[in-house]
Amino acid sequence: MNNLPEFRDIQLPDGVSFFPIAYGWWVLLAFLLFLCIGIKVFIAFWKSRKKYYSLKKLESISTDNPVLAAMDISELLRRISLVKYRKSCALTGHEWIDFLNQHSSVPLSKRNAEFLSFAPFMSSSDTTYTPHDAEELKAFCKNWIGGNL
């Protein structure tokens with residue numbers, strides 16, 4: 001029994017700590033961070049793409065024939081409003097003009113509101129409205145696009 005002093009208690013190893021994290025976890029964390037940032041950038045790009053396309057389409061509208069320009073502007077405004085405001089597809093006449101004015105920082109003048117609402121029913125050779133009126137509609141549309149897309 002003189003061997004007993006040589007026996008010692010069993011020594012348990014220290015617990016495994018959470019830190020430092022292994023390299024694989026750092027790579028996974030960096031990938032997830034990159035993925036989140038990429039998704040945010042893609043969403044921002046997607047939203048700005050709609051605005052860019054709409055403004056380019058607006059710039060391509062010629063004001064030489066004011067009635068055709070007003071019809072094109074009205075179509076563009078309707079297409080944009082359908083993207084953001086689904087219920088706007090059923091609006092016509094004064095309801096449509098009121099809707100546009102509600103969602104704009106600068107409302108349409110009475111003359112331009114009538115021009116925009118009556119343009120689809122006018123002859124393209126009508127001389128009631130001038131290219132200046134069409135330019136005012138383009139300026140309103142540019143402002144409306146900037147505030148709604």
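**View 1. Five nonpolar, five polar and one charged residue make up the lining of the largest pocket.** Charged here covers Asp, Glu, Lys and Arg, nonpolar covers Ala, Val, Leu, Ile, Met, Phe, Trp, Tyr, Cys and Pro, and the others, Gly among them, are polar. Everything shown comes from a predicted model, in which local features need pLDDT of at least 70 and side-chain atom pairs pLDDT 80 or more, while totals for chains, interfaces and linings use all residues. Residues are numbered from 1 along each chain as its sequence is written, and side-chain values use heavy atoms, without hydrogens or water. The largest pocket holds about 180 Å³ of space. Look around its wall and you will find Ser74, Arg78, Thr92, Gly93, His94, Trp96, Leu116, Ser117, Phe118, Pro120 and Phe121. Two or more of the lining residues come from each of α2 (66–84), α3 (93–102) and α4 (110–118). (A pocket is an open set of points on a 1 Å grid over the protein atoms alone where a 1.4 Å probe fits, with protein on both sides within 12 Å along at least five of seven lines; lining residues have an atom within 4 Å of a point. Volume is the space filled by probe spheres on points joined across faces, edges and corners. Helices are DSSP runs of H or I, at least four residues, numbered from the N terminus.)

**View 2. Helices α1 and α2 each give two or more residues to the lining of the second largest pocket, whose volume is about 160 Å³.** The residues to pick out are Lys50, Tyr53, Ser54, Leu76, Arg79, Ile80, Val83 and Leu149. With four residues, α2 gives the most to this lining. By type, the lining of the second largest pocket divides into five nonpolar, one polar and two charged residues.

**View 3. Serine 54 sits in helix α1 (residues 23–59).** Because its relative accessibility is 4%, serine 54 counts as buried (buried is under 20% relative accessible area, exposed over 50% and partly exposed in between, with a 1.4 Å probe and protein chains only). Beyond its neighbours within four places in sequence, serine 54 is in contact (heavy atoms within 4.5 Å) with Leu76, Ile80, Ile145 and Leu149. Serine 54 also appears in the lining of the second largest pocket, as do Leu76, Ile80 and Leu149.

**View 4. The largest nonpolar core contains 28 residues.** (Such a core joins buried Ala, Val, Leu, Ile, Met, Phe, Trp, Tyr and Cys through side-chain atoms within 4.5 Å.) The residues with the most contacts inside this core are Ile73, Leu77, Trp96, Leu100, Leu116 and Trp144. At least two core residues come from each of α2, α3, α4 and α5 (131–148). The most, seven residues, come from α2. For a closer look, pick tryptophan 96: leaving aside neighbours within four places in sequence, tryptophan 96 is in contact with Ser74, Leu77, Arg78, Ser81, Ser88, Leu91 and Leu116. Tryptophan 96 is also part of the lining of the largest pocket.

**View 5. Five aromatic pairs are counted in the model.** (Rings of Phe, Tyr and Trp, the last by its six-membered ring, pair if their centres lie within 6.5 Å; planes under 30 degrees apart are stacked, over 60 edge-to-face and the rest tilted.) Tyrosine 85 and phenylalanine 99 form an edge-to-face pair, because their ring centres are 5.3 Å apart and their planes stand at 85°. Tyrosine 85 lies in the loop between α2 and α3 and phenylalanine 99 in helix α3, so this pair ties together parts 14 residues apart in sequence. Both tyrosine 85 and phenylalanine 99 are buried. Phenylalanine 115 and tyrosine 129 are stacked, because their centres are 4.1 Å apart and their planes are at 20°. This pair links helix α4, home of phenylalanine 115, with the loop between α4 and α5, home of tyrosine 129, 14 residues apart. Phenylalanine 115 and tyrosine 129 are buried too. One aromatic cluster is made up of Tyr85, Trp96, Phe99 and Trp144.

**View 6. In α4, Asn112, Ala113, Phe115, Leu116 and Ser117 are buried.** The cover over these buried residues includes α2, α3 and α5.

**View 7. Valine 106 is found in the loop between α3 and α4.** Its relative accessible area is 46%, so valine 106 is partly exposed. Valine 106 and tryptophan 144 are 38 residues apart in sequence, yet 8.3 Å apart in space, C-alpha to C-alpha. Apart from its neighbours within four places in sequence, valine 106 has contacts with Phe140 and Asn143.

**View 8. Asparagine 148 belongs to helix α5.** With a relative accessible area of 5%, asparagine 148 is buried. Between asparagine 148 and lysine 84 there are 7.8 Å in space, C-alpha to C-alpha, although they are 64 residues apart in sequence. Setting aside neighbours within four places in sequence, asparagine 148 is in contact with Lys84, Tyr85 and His103.
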